[in-house]
Amino acid sequence: MKILVVGAGVAGLSATINLQRRGHAVTLLEVAPEIRTSGSPIDVRGDALDMVREMGILDEIRAAEIRMSVDSEFVDDHGNRIAGFSTEHSHDRPDDIEITRPDLMRILVGALEPGTDLRFATTVADLAAGADGVHVSLTDGTEDDFDLVVGADGVHSRTRSIVFGPEADYVRFLGVYLALAPVGPPAPEGTPGRMHLAPGRMMALLQSPDAELAGTYFRSPKLDVDHHDPAAVRGVLRQVFRDDVWRVHELIDRMVASPGLFFDECSQTRMPRWSVGRVVLVGDAAHCAAPLSGRGTSLGISGGLFLAQAIEENPGDLAGALAEYERRQRPYVDRAQRGVQGSIDRNVPATADDVAARYAALRQYEASRA
Ligand SMILES: Cc1cc2nc3c(=O)[nH]c(=O)nc-3n(C[C@H](O)[C@H](O)[C@H](O)COP(=O)(O)OP(=O)(O)OC[C@H]3O[C@@H](n4cnc5c(N)ncnc54)[C@H](O)[C@@H]3O)c2cc1C
């Protein structure tokens with residue numbers, strides 16, 4: 001088939017690689033001028049490991065494995081340690097892999113067929129889906145017809161808006177914002193990550209082998225702020241954290257000054273179905289579970305693989321194939337989306353009592369391991 005994939009994130013790259021390996025001709029569009037690599041290190045976990053093995057990139061991913069600050073500790077207003085935990089115990093499987101975003105994206109791009117038609121700074125201007133194909137107008141002024149369009153353009157998907165309707169119908173804000181940025185060179189090996197909690201707010205300074213990362217989750221009603229305007233983001237963070245101590249204000253200033261600043265709301269995409277006719281969604285466009293799930297990358301990888309497998313196994317029956325893709329992917333999505341509220345409550349306790357309960361649980365956990 002002749003297929004258009006919109007968005008060269010994890011899901012779009014996984015779909016493209018897996019479709020190409022089954023003989024399909026793929027055009028891949030990316031609205032950004034280059035592959036986007038900013039963000040925190042990511043986990044490839046659970047069954048996604050078997051999937052990247054099937055895609056032939058497990059060894060490369062394992063070779064690039066990192067260990068984020070294995071020990072992390074919560075500190076009080078003066079920076080004194082309250083309780084700690086080891087991130088090693090949060091894995092699904094002992095062989096779960098943590099990898100930096102630039103490394104994962106480099107490996108996925110390297111797995112594309114040589115000469116792949118990958119067009120940067122280009123997206124869909126409009127598309128008209130018919131029974132026999134989809135007519136697409138691109139922002140580079142060209143037009144073409146495809147047998148299938150795969151929307152892999154993330155939680156704010158334009159493909160979804162054009163074909164399925166407005167974002168507000170599908171994307172649910174979870175009442176939490178996230179800011180994250182690399183703020184300096186890596187600290188010496190063994191330096192623990194540090195976190196500070198206040199009711200509804202968490203600030204962290206985390207260590208990865210390539211950078212120190214400052215990050216925060218905070219609870220808030222929906223804000224009217226331009227996520228891409230560092231000055232506006234700084235104003236929001238300063239206001240939200242106005243009463244906080246430790247190194248919170250210093251970290252906010254360093255985050256906002258970083259070119260790698262990422263600021264967004266935590267939302268989930270929930271849709272009754274992921275395809276209409278010859279247009280199908282994969283990854284966050286279809287089913288964002290929120291960064292707090294820690295499973296978005298794995299879901300992006302599995303969705304691309306399941307889609308390509310289902311098409312291969314249902315020759316001449318696209319509707320059947322798209323239904324089968326959804327049947328395989330849904331259980332993974334449901335599990336990831338269900339787990340998010342618990343993760344919010346653990347990471348961003350809402351009240352002073354919840355903060356105290358979190359510390360008590362961590363101390364108990366520490367004592368049980370002593
Ligand atoms: C800060 C942060 C930390 C995270 N941590 C983890 C983690 O630890 N573990 C984990 O599993 N997941 C994590 N995630 C989630 C994970 O990165 C995503 O869920 C996953 O990458 C899903 O990929 P995607 O390809 O569907 O969407 P995205 O990664 O959003 O990619 C979409 C791509 O489409 C492009 N695009 C957007 N609009 C258009 C358009 N109109 N036309 C063409 N291209 C377009 C974008 O530029 C982007 O390249 C995190 C996410 C964030 C933001």
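Two strands are counted as paired if DSSP finds at least two bridges between them. In this predicted model, three strands form an open sheet on that basis, in the order 8-9-10 and with antiparallel pairing. Strand 8 (124-129) and strand 10 (143-146) stand at the edges with a single partner strand each, so one side of each has no neighbour in the sheet. On average, and with direction ignored, neighbouring strands here are turned by 20 degrees against each other.

A closer look at strand 9 (residues 134-138) shows four bridges joining it to strand 10, to which it runs antiparallel. Val-136 has Asp-144 in strand 10 as its bridge partner. Leaving aside residues up to four places away in sequence, Val-136 also touches Leu-4, Val-124, Leu-127, Phe-146 and Val-149, among others.

Val-136 leads on to the interior of the model: together with Leu-108, Val-149 and Val-150, Val-136 is among the residues with the most contacts inside the largest nonpolar core, which has 69 residues. Helix 9 (residues 296-313) gives the most to this core, with eight residues. A second core, separate from that one, has 23 residues, including Met-203, Val-236, Phe-241 and Phe-263.

Helix 9 also meets helix 10 (residues 318-338), and the two axes come within 7 Å and cross at roughly 160 degrees. Angles over 145 degrees count as roughly antiparallel, and helix 9 and helix 10 are therefore described in this way. The crossing of helix 9 past helix 10 is right-handed. Among the residues making the contact are Leu-299, Gly-303, Phe-306 and Ala-310 of helix 9, and Leu-322, Tyr-325, Tyr-332 and Val-333 of helix 10.

Conventions: Residues are numbered from 1 along each chain as its sequence is written. This is a predicted model: local features need pLDDT of at least 70, side-chain atom pairs count only at pLDDT 80 or more; totals for chains, interfaces and linings use all residues. Side-chain values use heavy atoms; hydrogens and water are left out. A nonpolar core is a set of buried Ala, Val, Leu, Ile, Met, Phe, Trp, Tyr and Cys residues joined through side-chain atoms within 4.5 Å. Buried means under 20% relative accessible area, exposed over 50%, partly exposed in between (1.4 Å probe, protein chains only). Helices (H or I, at least four residues) and strands (E, at least two) are DSSP runs, numbered from the N terminus. Contact means heavy atoms within 4.5 Å. Axes are lines fitted to C-alpha atoms, for helices over the stretch in contact, and angles run from 0 to 180 degrees between N-to-C directions. Angles under 35 degrees count as roughly parallel, over 145 as roughly antiparallel, 65 to 115 as roughly perpendicular and the rest as oblique. A crossing is left-handed if the near helix is turned anticlockwise from the far one by less than a right angle, and right-handed if clockwise.
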